[in-house]
Amino acid sequence: MLPPASVWDAFAQRCAETPGATAIVDERGHRVSWAELAARVRARTAELAAAGVGPGSVVSWQLPSWIATAELTLALAALGAVQNPIVPILRDRDVAFITAQAGATHLVVPPTWRGHDYAAMAHDIAAGSALRVLVLDRDAPPADAGRADAIAPMRDDGGVRWLFYTSGTTAEPKGARHADAALLAAAGGLVAACGMGPGDRLGSPAPMSHIGGIAILVAIAIAGTTLLIDEVFDPARTSAFFSAEDATLLGAGTPFFLAYLDAQATSATPLFPHVRCFLLGGAPKPPSLNAMMRERFGAPIVSGYGLTECPMLAWNALGDADDVLATTEGRAIEGVDLRVVDGEVRVRGPQLMAGYVDAALDAEAFDDEGYLRTGDLGALDAGGNLTITGRSKDVIIRNMENVSAKEVEDLLFLHADVADCAVVGVPDARVGERVCVAVVARDPGAPPTLHDLCAHLDAQQLSRRKHPEQLQVMAALPRNGMGKVLKAELREAFA
């Protein structure tokens with residue numbers, strides 16, 4: 001295949017190259033070949049055109065990871081629309097803010113999903129405005145397939161085609177403006193990192209509405225890989241589904257990998273006998289996790305690093321040494337310029353956004369040379385491998401001294417009684433901020449005590465000034481769809 005010039009081009013080339021190969025399989029066992037997906041996309045394109053969608057239309061869509069969602073996003077690409085995917089966990093206030101700021105002309109939602117009436121919410125948001133609501137049912141065929149062959153896909157002009165919003169856990173969501181070229185670069189880096197090809201079957205629990213989910217959709221088109229999707233990640237069911245479909249690549253973050261480990265512990269036979277690697281992105285990993293996955297499944301973790309503003313900009317390689325895989329996020333991919341300035345990671349490259357939807361935010365986001373200030377703290381080794389040491393906003397200032405939350409988390413993760421953990425700073429009248437740890441116990445009936453954890457940190461030779469002073473035992477940590485802990489919620493709950 002020639003290098004694709006656009007998202008639509010990547011899809012069209014793949015359909016022409018391997019029309020009979022399986023493109024996507026969902027958790028119900030529904031599957032489509034590339035040729036079948038192409039036919040569905042043509043019909044969906046006609047349906048959207050009949051609803052007034054055309055070049056330059058701004059279409060917000062808030063949908064689960066369905067085959068129909070892939071159809072929609074590819075049809076919008078064919079029409080030359082500007083897409084604004086919204087993760088399904090957001091509700092009225094955030095969706096109203098995003099659609100208004102993005103200037104959405106259409107809002108596409110499911111009727112109801114997981115007990116929430118998205119159609120009613122969308123109509124409430126659109127009331128009194130020109131915003132048009134389209135309800136997409138998972139299994140309903142396109143309503144206007146008759147004009148499908150009359151619509152010619154738009155040629156990409158290099159302009160902004162995507163508006164991706166950050167989660168907005170500490171402030172109003174911020175919208176990053178992207179061209180197709182950014183997603184092609186991100187997807188190409190992923191394909192190269194793990195040698196993704198036509199023989200692979202990628203089990204991805206990443207929401208398709210996240211920038212990582214769209215990059216994965218583009219990557220499977222580039223590589224000819226089969227994508228396995230589940231509308232809701234359920235530890236037991238999703239693990240069994242990925243096992244039954246013989247996944248060779250598995251994503252997408254620490255909580256998902258812990259679920260695979262738990263599922264394997266209850267299985268007498270290997271769940272993933274042909275898995276080549278586990279792909280991690282969107283959230284940091286404890287260094288011990290790579291060894292755990294290697295021991296249990298015989299395959300390593302290949303990590304990627306990126307942000308909504310600049311996705312998948314660095315990757316480990318499948319052949320990297322275990323110490324590199326365990327502790328770093330790999331090297332900048334081709335075309336990316338990565339540097340560390342005063343401890344902060346800064347980047348520019350083909351994945352970099354064209355700026356925020358709210359242009360007033362750009363001055364603070366970029367430095368004088370056009371590098372994105374990521375807000376992540378990190379270091380580069382002699383081989384160019386990036387290690388993330390924390391977030392500039394995730395440093396706890398206790399008695400005027402800095403405590404890295406990630407350093408404490410990585411050590412606590414080694415405790416035999418800790419299944420998951422997160423460290424945050426909460427206000428304290430005496431020391432400014434005290435170190436608070438939220439723990440999910442391996443045995444809910446016998447959680448570790450604060451004394452147990454501090455004794456463990458002593459044994460790990462962590463300075464006592466960094467030891468936690470408050471313990472909260474939880475059934476589960478609050479996380480977004482990519483597995484990132486929602487620390488703002490923890491700070492608010494434990495203050």
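Author: Up front, two strands pair if DSSP finds at least two bridges between them; helices (H or I, at least four residues) and strands (E, at least two) are DSSP runs, numbered from the N terminus. It's a predicted model, with local features needing pLDDT of at least 70 and side-chain atom pairs 80 or more, while totals for chains, interfaces and linings use all residues. Residues count from 1 along each chain as its sequence is written, and side-chain values use heavy atoms, leaving out hydrogens and water.

Reader: Ok, what's the strand order in the open sheet?

Author: β16-β17-β18-β19, four strands with antiparallel pairing.

Reader: Which strands stand at the edges?

Author: β16 (337-341) and β19 (386-391). Each has a single partner strand, so one side of each lacks a neighbour in the sheet.

Reader: How many bridges join β16 to β17?

Author: Five, with β17 covering residues 344-348 and running antiparallel to β16. Arg339 sits opposite Arg346 of β17.

Reader: Switching to helices: how do α6 and α7 cross?

Author: Helix α6 (residues 180-194) and helix α7 (residues 211-223) have axes that come within 8 Å and cross at roughly 65 degrees. Axes are lines fitted to C-alpha atoms over the stretch in contact, with angles from 0 to 180 degrees between N-to-C directions. The two helices are therefore roughly perpendicular to each other (65 to 115 degrees).

Reader: Which residues of α6 and α7 meet?

Author: In α6, Leu183, Leu184 and Val191 are among them, and in α7 they include Ile211, Ile214 and Ile222. Contact means heavy atoms within 4.5 Å.

Definitions and conventions:
Parallel < 35°, antiparallel > 145°, perpendicular 65-115°, else oblique.
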